[in-house]
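The following account leads the reader through a ligand site, beginning with a single polar approach and moving outward to the surrounding residues.

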Amino acid sequence: MISAYARGTQALIDLDAVRRNVEFFQSMLSPNTALMAVVKADAYGHGVVPVARAVLAAGAQWLGVAAAEEGEELRAAGVSAPILILGASSAEQVRIALQSQLDLTLFDRDTWDAVQHWGSVLKVRPRVHLKVDTGMGRVGVQPQEVAVEWLDRLAESNVTWQGLMSHLATSDSDEQYTQEQLSRFLDVIEQIRQRQVALPPTIHLANSAAALRFPGTHFNLVRVGIGLYGGRPYAGSPRLWPVMQWVSRVTLVKQVPAGTSIGYGRTYVAPADCTVATLAVGYADGYRRAFSNRAAVLIKGARCPVVGRVSMDQITVVVPQGMSVSVGDQAVLLGEDGTEHILVEDLAVWADTISYEILTGISARVPRLHLAKSTEMDRI
Ligand SMILES: *Cc1c(COP(=O)(O)O)cnc(C)c1O
């Protein structure tokens, strides 16, 4: 088996930058608002356990995951902070959630039945967050169902009603629609008050973009994902600390004469004599095929365009004239090199997608190496 480290393609994760991003978000919140670090999908591809420890050390009070199994992994690593499963849970996942003391998001009868069933079988008191669909159009109970149906259900049970939540569809783009969703959410809160039912202790609506743009959406908890990883939550947002540097290595350097075609399908033909370097990364690493003839990498601080098709395990780049490159040299695919940098948003544009998909698409073949100056988080 080939050692991935020896191959030289890896993602370096700066945990100090993650901590600074947590602190930046906290500086935007009132003292009564807690921060949930969203660490689903292996912390957006950054490695969930080290990232969870870093965010908790920096003051995040909650963790958010997509599925029970992700929360179970954190518990197995000794993380004791409250963890909310943000997505749907099957009956089997409800069991895992309760055994691992995870909070559940609730929005349908089947999950409710499973929560009751497994709560009594396991003799635990489940904690649930009722999710209302205020306009995302995906999951959530309808606003009018809360007062007429769910309040009674939650009251008569041996379940702890921990949270009320909703999710924003356009907090990075359409402000007016965000305000509409906020006012529907406030209506639900008002309906609960009118029924003289106590609100649950945790009320949450904001994601990263809303946490930065709309203080009215903060309530007492915000759910921050992309911003923790240095991604820009919306166009024009403040710059956050870059977290991931994704690097590879030069495996071959060769001079090619004008007219040489490079790679599958011959999509690039050298217009002039040039130097081509081959790198040990491809679409099986998450270096998207859509980057073919569009992206660039940084070698010794210089931009080298990706030429020809991205293959499964290799790419080819043109080295600027007069620059000397050798086998073993590092190539930066994402991040800084000297005065140049490639942002995750640049990669997203080159693949016609969003930063989230780039980060979560970096495959398991790419080792994540966690770097931190401080060792304080080892105590969490
Ligand atoms: C993923 C997710 C978030 C985090 O969104 P970002 O845009 O990454 O901050 C917040 N809330 C829910 C329900 C999510 O699923």
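In this predicted model, arginine 223 places a polar side-chain atom 2.8 Å from a nitrogen atom of the ligand. Two tyrosines approach oxygen atoms of the ligand: a side-chain N or O atom of tyrosine 44 is 2.6 Å from one oxygen, and a polar side-chain atom of tyrosine 356 lies 2.7 Å from an oxygen atom. The ligand on its own would expose 390 Å², of which the protein buries 91%.

The ligand occupies the space of the largest pocket. Two elements give two or more residues each to the shell around the ligand, namely helix H3 (40-45) and strand E9 (221-224). The residues surrounding the ligand include Val38, Lys40, Leu86, Asn207, Ser208, Val224, Gly225 and Ile226, together with His167 and the arginine and tyrosines already described. Sorted by class, this shell comprises six nonpolar, four polar and two charged residues.

Histidine 167, one of the residues of the shell, merits separate attention. Histidine 167 is located in the loop between strand E7 (160-165) and helix H9 (175-194). The side chain of histidine 167 is joined to that of arginine 223 by a polar contact of 3.1 Å, and arginine 223 is also the residue whose polar side-chain atom lies 2.8 Å from the ligand nitrogen. Beyond its neighbours within four places in sequence, histidine 167 is in contact with several further residues, among them Lys131, Thr134, Met136, Arg138, Gln181 and Leu205. Asn207, which histidine 167 also contacts, belongs to the ligand's surroundings as well. Finally, the C-alpha atoms of histidine 167 and leucine 182 are separated by 9.6 Å, with the two residues 15 residues apart along the chain.

Terms used:
Residues are numbered from 1 along each chain as its sequence is written. This is a predicted model: local features need pLDDT of at least 70, side-chain atom pairs count only at pLDDT 80 or more; totals for chains, interfaces and linings use all residues. Side-chain values use heavy atoms; hydrogens and water are left out. A residue is near a molecule or strand if one of its heavy atoms lies within 4 Å of it. A polar contact is a pair of N or O atoms within 3.5 Å; within protein, one must be able to donate a hydrogen and the other to accept it, and residues adjacent in sequence count only if both atoms are side-chain atoms. Accessible areas come from the Shrake-Rupley method with a 1.4 Å probe; for residues, only the protein chains shown count as cover. On a 1 Å grid over the protein atoms alone, a cavity is a set of points where a 1.4 Å probe fits but cannot get out, and a pocket is an open set with protein on both sides within 12 Å along at least five of seven lines; lining residues have an atom within 4 Å of a point. A molecule sits in a cavity or pocket if more than half of its atoms lie within 2 Å of its grid points. Helices (H or I, at least four residues) and strands (E, at least two) are DSSP runs, numbered from the N terminus. Ala, Val, Leu, Ile, Met, Phe, Trp, Tyr, Cys and Pro count as nonpolar, Asp, Glu, Lys and Arg as charged, and the others, Gly among them, as polar. Contact means heavy atoms within 4.5 Å.
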